[in-house]
Amino acid sequence: MMSKNEHISVRIPSFNENYSEIRRPKSYWRAWNQLSRFQRSLIYMLVIISFFMVLYFIPNTDNVILNVDGSERTTINRNVLVGESKHDEVFAGPTNDRQRAIVEAFRHAWTGYKKFAWGHDNLKPISEGYSEWFGLGLTIVDSIDTIYIMGLKEGTIVDSIDTIYIMGLKEEYEDARNWIEEHLHFTNNRDVNLFEVTIRVLGGLLGIYHLTGDRMFLNKALDLGDRLLPSFATETGIPYSDINLFTKTAHPPKWSPDSSTAEVTTIQLEFRDLSRASGDPKYENAVRKISEHIHNLHKQDGLVPIFINPNSGQFSYYEYLLKQWLQTGKTIDFFRDDYLQAIDGIQKSLVKRTLPNGFLFLGELLAGGKDFKPKMDHLTCFLPGTLALGTHHGLPTSHLKLAEELLTTCYQTYAQQPTFLAPEITYFNIPNSENTNDIYVKTNDAHNLLRPEFIESLWYMHQLNGNSTYQDWGWEIFQAFEKYTKVTNGYTSIGNVRNAAAVKPKDMMESFFLGETLKYLYLLFGDDPKVLDLDRYVLNSEAHPLPVYNS
Ligand code: DMJ
């Protein structure tokens, strides 16, 4: 007899509809082994495809960004990026003596800036003070990506330079980042220039954001972008040049009712990138209006008036035509077409040769197109680099010939001075002028502000053809900077490149010396051409790298 708790178990077999017993496989392993090789490959493939589909559709929580009030904004659509944002594996620090010398120069400049001008716009290295332009710590924001690119950020493995040296430089990155996080607020009650703040500060923040993926930089960029946007609230959409970031009121410059064409056409890369990085289209929409407006204007041979802006890079309109075409994955044809037309116009109307040696230069054509001035600003020396970049992307090889000749002339503007430093403006000897030398300099134009344009072009040309002559030219110029512009607390602009015995130091180190000049020198001397790959990045007018998108 069975007690209450005792039981028996009965195995109930499963039956299919024919009442034959279903026999379960003994194990999955056995079932797997019973599959044919074809069936197994098919399953492998399905698993791999599903894995990638899951990855693709998973929301990227890294990309959540904040409004200024801390609330969440849209997420970034990374799928449109050709370039990657997190890119630090290639910034391995200096790999040769020339690069090490540039890092040392950077560190020397930075030390002076930190000691006497920390948090202010520019260092005055001789009087041991600072100068304030917009009150936005320009030198820090302009050069933090230079620090990063030189491989000096925390955690970067730098195997070719001694540890103590690098330890010091890691600290510089942290200092710069902390200053930006804690002290860069756009609440100064003063006017700033839309163009300058866009290329230096907005571009600087976006550049370092894309290199590091650190959202703090993007949030700062959004705050700044929102404060700059009221500049665009005009009837035509062509922005005012000046804006107060605190009151958010904009107005034209004091000396003219007009905005400079060069300035309003050299802010598009940054505002478009802000939209792409944040997912908010309003910034890109604002600058698209300007591009379309200028595109529809009547132009003579594709050229815009030359006296639009006597101070800064009047040719940068052409630079941004090409770079916008590249930034948008070569999908907006009118940028390329306007660029090609403009370069044709330049070749037709602005290019001339000197006497007696036939150096090619770009002159200036005054309004009306009759009065040709045989003078070239140092600012123009960025153009060979832009032409080379276009050629790299499939534009006519005849542009390269122009680039090479122009680069040689720019080199001459350095090499023919006893200091081996170029003046701000050079004049050229053409038929019927009163001079005998190919090149001459007027007293008021003899200063050198440590500008980057020629070095920038050397880097692009070297990227394109690997010709080491360009590196040697860069090295010669760096030696001249060392000899004539290096002072105890940094580097200084000088007043006279024509007299090696009296260069007249001007007591000013502009932010672009660290943001651009030293960055391009460092890149120029690099052994790895893929650092800041020209197929993945476009560098803005202030040398801040922005990613290439595919639309
Ligand atoms: C930089 O601020 C930028 O390159 C700008 O576009 C023009 N000039 C200076 C450097 O010379």
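Which residues are buried in α7? In this predicted model, the buried set in α7 takes in Met216, Phe217, Leu218, Lys220, Ala221, Leu222, Asp223, Leu224, Gly225, Asp226, Arg227 and Leu228. That makes 12 of the 14 residues in the helix, so α7 counts as mostly covered by the under 20% cut-off for relative accessible area. The list mixes residue types, with Lys220, Asp223, Asp226 and Arg227 sitting in it alongside Leu218, Leu222, Leu224 and Leu228. The helix itself runs over residues 215-228, and its length checks out: at 1.5 Å a residue it should span 20 Å, and because its end C-alpha atoms are 20 Å apart, the two values agree. At the start of α7, Asp214 points a side-chain oxygen back at the helix, reaching to within 3.0 Å of the backbone nitrogen of Met216.

Stepping back to the whole protein chain, there are 17 helices and 16 strands. Of its 551 residues, 56% are buried. Among contacts with a separation of 6 or more, 70% are between residues 24 or more positions apart. The accessible surface comes to about 24,900 Å², and carbon and sulfur atoms account for 53% of that.

Next comes the ligand. The residues around the ligand are Phe195, Ile199, Arg200, Leu379, Arg451, Pro452, Glu453, Phe512, Glu516, Ser541 and Glu542. By type, this shell splits into five nonpolar, one polar and five charged residues. Helices α6 (194-212) and α17 (511-524) each put in at least two residues, and α6 gives the most, with three. Oxygen atoms of the ligand have polar side-chain partners in the shell: a polar side-chain atom of Glu453 lies 2.6 Å from one such oxygen, Ser541 brings a side-chain N or O atom to 2.7 Å, and Arg200 has a polar side-chain atom at 3.4 Å. On its own the ligand has 290 Å² of accessible area, and the protein covers 94% of it.

Two loop residues are worth a look here. Leu450 sits in the loop between β12 (439-440) and α15 (453-465), and it counts as buried because its relative accessibility is 0%. Beyond its sequence neighbours up to four places away, Leu450 touches Phe481, Thr485, Tyr491, Thr492, Ser493, Met508, Met509, Phe512, Phe513 and Thr517. One of these, Phe512, also belongs to the residues around the ligand. Another partner, Tyr491, is 41 residues away from Leu450 in sequence, with 8.4 Å between the two C-alpha atoms.

Asn540 lies in the loop between β15 (537-539) and β16 (545-547). Its relative accessible area is 0%, so Asn540 is buried too. The Asn540 side chain has polar partners: it makes a 2.8 Å polar contact with the side chain of Glu270, and it reaches the backbone nitrogen of Glu542 at 2.8 Å. Glu542 is itself one of the residues around the ligand. Leaving aside residues up to four places away in sequence, Asn540 touches Ile199, Gly203, Leu269, Glu270, Glu319, Tyr320, Lys323, Tyr520 and Leu546. Ile199, included in that list, is also found around the ligand.

Finally, there is Arg276, in helix α9 (residues 268-278). Despite being an arginine, Arg276 counts as buried, because its relative accessibility is 16% and the cut-off is under 20%. The side chain of Arg276 makes a polar contact of 2.9 Å with the side chain of Glu284.

Conventions: Residues numbered from 1 in each chain as written. Predicted model: local features only at pLDDT ≥ 70, side-chain atom pairs only at ≥ 80, totals over all residues. Heavy atoms only, no water. Helix = DSSP H or I, 4+ residues; strand = E, 2+ residues; numbered from the N terminus. Expected span 1.5 Å × (residues − 1). Buried < 20%, exposed > 50% of the residue type's maximum accessible area, 1.4 Å probe, protein only. Polar contact = N/O pair within 3.5 Å; in protein donor to acceptor, adjacent residues only side chain to side chain. Near = heavy atom within 4 Å. Areas by Shrake-Rupley, 256 points an atom, 1.4 Å probe, with all protein chains shown as cover. Nonpolar A, V, L, I, M, F, W, Y, C, P; charged D, E, K, R; others polar. Contact = heavy atoms within 4.5 Å.
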